[in-house]
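Subject: Structure for you to look at, with notes

Dear colleague,

Here is the structure I promised to pass on, with the sequence alongside. My notes follow below, and I would suggest keeping the model open while you read them.

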Amino acid sequence: MPEPVTEPPVTDPIYEALLYCNIPSVAERSMEGHAPHHFKLVSVHVFIRHGDRYPLYVIPKTKRPEIDCTLVANRKPYHPKLEAFVSHMSKGSGASFESPLHSLPLYPNHPLCEMGELTQTGVVQHLQNGQLLRDIYLKKHKLLPSDWSTDQLYLETTGKSRTLQSGLALLYGFLPDFDWKKIHFRHQPSALFCSGNCYCPVRNQYLEKEQRRQYLLRLKNSQLERTYEDMARIVDVPTKQLRAANPIDSMLCRFCHNVSFPCTRNGCIDMEHFKVIKTHQIEDERERREKKLYLSYALLGAHPILNQTISRMQRAAKGRREEVFALYSAHDVTLSPVLSALGLMEARFPRFAARLILELWQDREKPSEHSVRILYNGVDVTFHTSFCQDHHKHSSKPMCPLENLVRFVKRDMFVALGSSGSTNYYDACHREGF
C-alpha cells in the first residue's frame, strides 16, 4: 500500500471539532488537477456538503445562539467576491430552477439566522472552494471554453436553501458573473440522490441494523448517560427530551462561532459536556467502520448516484462534450455513504463544505484509454479506494483505469454485499433472507 494520505484518526474531541469548523483556504494543499503532461482532463464530478449552517435543533428552554445570517463584506470570515456574489444573486430571476427550488432565496439574509440557514461562513467556504476549482480546472486545464453552454454543466441540489445557496456560491467562485440564462438547477427530492431508484427495502433494513448498533453503543456508555442527565437537569427537562433535541448540533454551532454555551439558574452547559458527546461520536465512527453494517447500507445507498456518474463519464470518454462539469450540492448523509461505498474508510465524517471530486482523464498517447482520480478535500485518495488500491503496484500512472470504476459500480458493489445471486441494483435491493 502507498503511504496513507487521508487524515489520521483523531481522538482529541476539541481538535476534531475545530476540523469540523474549518474554512478551506485557497492556499491549502490541493491535489486536484495533478496529472502527467500528456494527460488531458475530460470531465469533473463534484460532490459537496453544504457550508456552515445554523443549528437544526434548539436546546430546550435556552435562548437560541445569536448569529447574523446577513452577508456583510467587512465582517469575518471575508471573501473578496462576497459583495459581488450578493449583487449577482439579486439578478438571478433569469435562471432555470426546477420546482420547488425557484421559491428558495438565493443567498442567506436574516439578521437572526433561521433554523438550518447557511451562514456567512458557509457562503465563504464555497466561494473559496469554487475559486480553487476555477484556478485548477478552468485557468490551468481549460475544462470549459469561454463560451460554455448550459448543457456543459450538470447542476443538482436538494430542496433546502442551504444546499442551493452553497451550490450557487461554489458556482460563482468557479464561474464569476456567470450568465443566469445558462444556469439550470435540477431538484433532487432524496438526500441520497437516488432519483427514480430510491425504493430499496434491503438498504432500509441495513440502516435499521446500523441504528440499532448506534443505540446499543450509547447504552454501554455510562459517562455519556450521566452527561445527558446533567445537561437535562440544567435546562430542567426530562433526559429523553434533551437527547431528542440533539444538543450537539447547537453546541457545535456555538463552538464554531465562538458563542458561549447556554446557562440557566441551575448551572451552565460547558466544554466538558461537549467533550463527552464529541468523544462518543468519534468512538461511534470507529465502531461503525469495524462492524460494517453501515458499509452495506452505503453500497446500496450510493449506487444510484455512482451509477449516474459513471454513465456520464462513459459518455465523455466517447467524445461527448455535454455535462463535463457536474455539481451535486448535498448533505453529510449524501457524502458519507459515497465515501464508505468507495472504500475510503479513513476519510473523516464530512465537515461543512467538504468536497469529493472524481476526475476523468484521457491519455493523449493512447487516446482510447481513460483514467479516473478520486480526491477528498484536496487529498488524492485514488489508491485508497476499494476498486483501485492495488493498481499502483503494476502501473506507473498516478490514476486508475476508468474500467475499474465501471466494473466496481456495475458488479463489485453487489459482490461486496455478499449477494452472489444479485448482479444488479434491483435484485440486491429486493433480496430475500440476507
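A good place to start is Ser 195, which is found in the loop between E4 and H5. Please bear in mind throughout that this is a predicted model. Ser 195 is not a glycine, yet its phi is positive, at about 50°, and with a relative accessible area of 38% the residue counts as partly exposed. Phe 193 lies in the loop between strand E4 (184-187) and H5 as well, and it too has a positive phi without being a glycine, in this case of about 55°. Its surroundings can be described through its accessibility: Phe 193 has a relative accessible area of 1%, so it is classed as buried. These two residues deserve a second look because most residues other than glycine have a negative phi, and most peptide bonds are trans.

The second half of that rule brings me to the peptide bonds. The bond from Lys 76 to Pro 77 is cis, with omega near -10°, and Pro 77 is found in the loop between E1 and H2. Another cis bond runs from Ser 99 to Pro 100, with omega near 5°, and Pro 100 has its place in the loop between strand E2 (96-97) and helix H3 (120-140).

Tyr 78 is also in the loop between strand E1 (39-49) and helix H2 (82-89), and its relative accessibility of 49% makes it partly exposed. Although Tyr 78 and Leu 127 are 49 residues apart along the chain, their C-alpha atoms are separated by 10 Å. A comparable pairing can be described for Leu 252, a residue of helix H8 (residues 247-256), which is buried at a relative accessible area of 8%. Leu 252 and Phe 274 stand 22 residues apart in sequence, while the distance between them in space is 8.3 Å from C-alpha to C-alpha.

Turning to the helices, how do H5 and H9 cross? Their axes come within 11 Å, with H9 covering residues 271-291, and the crossing angle is roughly 135°. This angle makes H5 oblique to H9, and the crossing in which H5 passes H9 is right-handed. Helix H5 itself spans residues 201-220 and contains Tyr 215, which is partly exposed at 36% relative accessibility. Together with Leu 216 and Leu 219, Tyr 215 forms a nonpolar patch on the surface, and the accessible area of these residues together is about 280 Å².

Helix H11 (residues 332-341) presents another picture, since it is mostly covered, with nine of its 10 residues buried. Among the buried residues of H11 are Asp 332, Thr 334, Leu 335 and Pro 337. After H11 comes Gly 343, which has a positive phi near 90°.

Finally, the charged side chains: how many salt bridges does a search of the whole structure find? The search gives 22 salt bridges, and I have picked out a few for you to inspect. Side chains of opposite charge can pair when their charged atoms come close. Glu 66 and Lys 63 form a salt bridge in which the closest N and O atoms are 2.7 Å apart, and both Glu 66 and Lys 63 are exposed. Arg 75 is bridged to Asp 68, with 3.2 Å between the closest N and O atoms; here Arg 75 is partly exposed at 23% relative accessibility, and Asp 68 is partly exposed with a relative accessible area of 29%. The side chains of Arg 411 and Asp 412 meet in a salt bridge of 2.7 Å, taken from N to O. Arg 411 has a relative accessible area of 46% and is therefore partly exposed, as is Asp 412 with a value of 21%. There is also a network, in which salt bridges that share partners join Glu 210, Arg 213, Asp 284, Glu 287 and Lys 291.

With best wishes

Note on methods
Residues are numbered from 1 along each chain as its sequence is written. This is a predicted model: local features need pLDDT of at least 70, side-chain atom pairs count only at pLDDT 80 or more; totals for chains, interfaces and linings use all residues. Side-chain values use heavy atoms; hydrogens and water are left out. Patches are made of residues with over 30% relative accessible area and no salt bridge: like charges are joined within 9 Å, nonpolar side chains (Val, Leu, Ile, Met, Phe, Trp, Tyr) within 5 Å. Accessible areas come from the Shrake-Rupley method with a 1.4 Å probe; for residues, only the protein chains shown count as cover. A salt bridge is a side-chain nitrogen of Lys or Arg within 4 Å of a carboxyl oxygen of Asp or Glu. Helices (H or I, at least four residues) and strands (E, at least two) are DSSP runs, numbered from the N terminus. Buried means under 20% relative accessible area, exposed over 50%, partly exposed in between (1.4 Å probe, protein chains only). Axes are lines fitted to C-alpha atoms, for helices over the stretch in contact, and angles run from 0 to 180 degrees between N-to-C directions. Angles under 35 degrees count as roughly parallel, over 145 as roughly antiparallel, 65 to 115 as roughly perpendicular and the rest as oblique. A crossing is left-handed if the near helix is turned anticlockwise from the far one by less than a right angle, and right-handed if clockwise.
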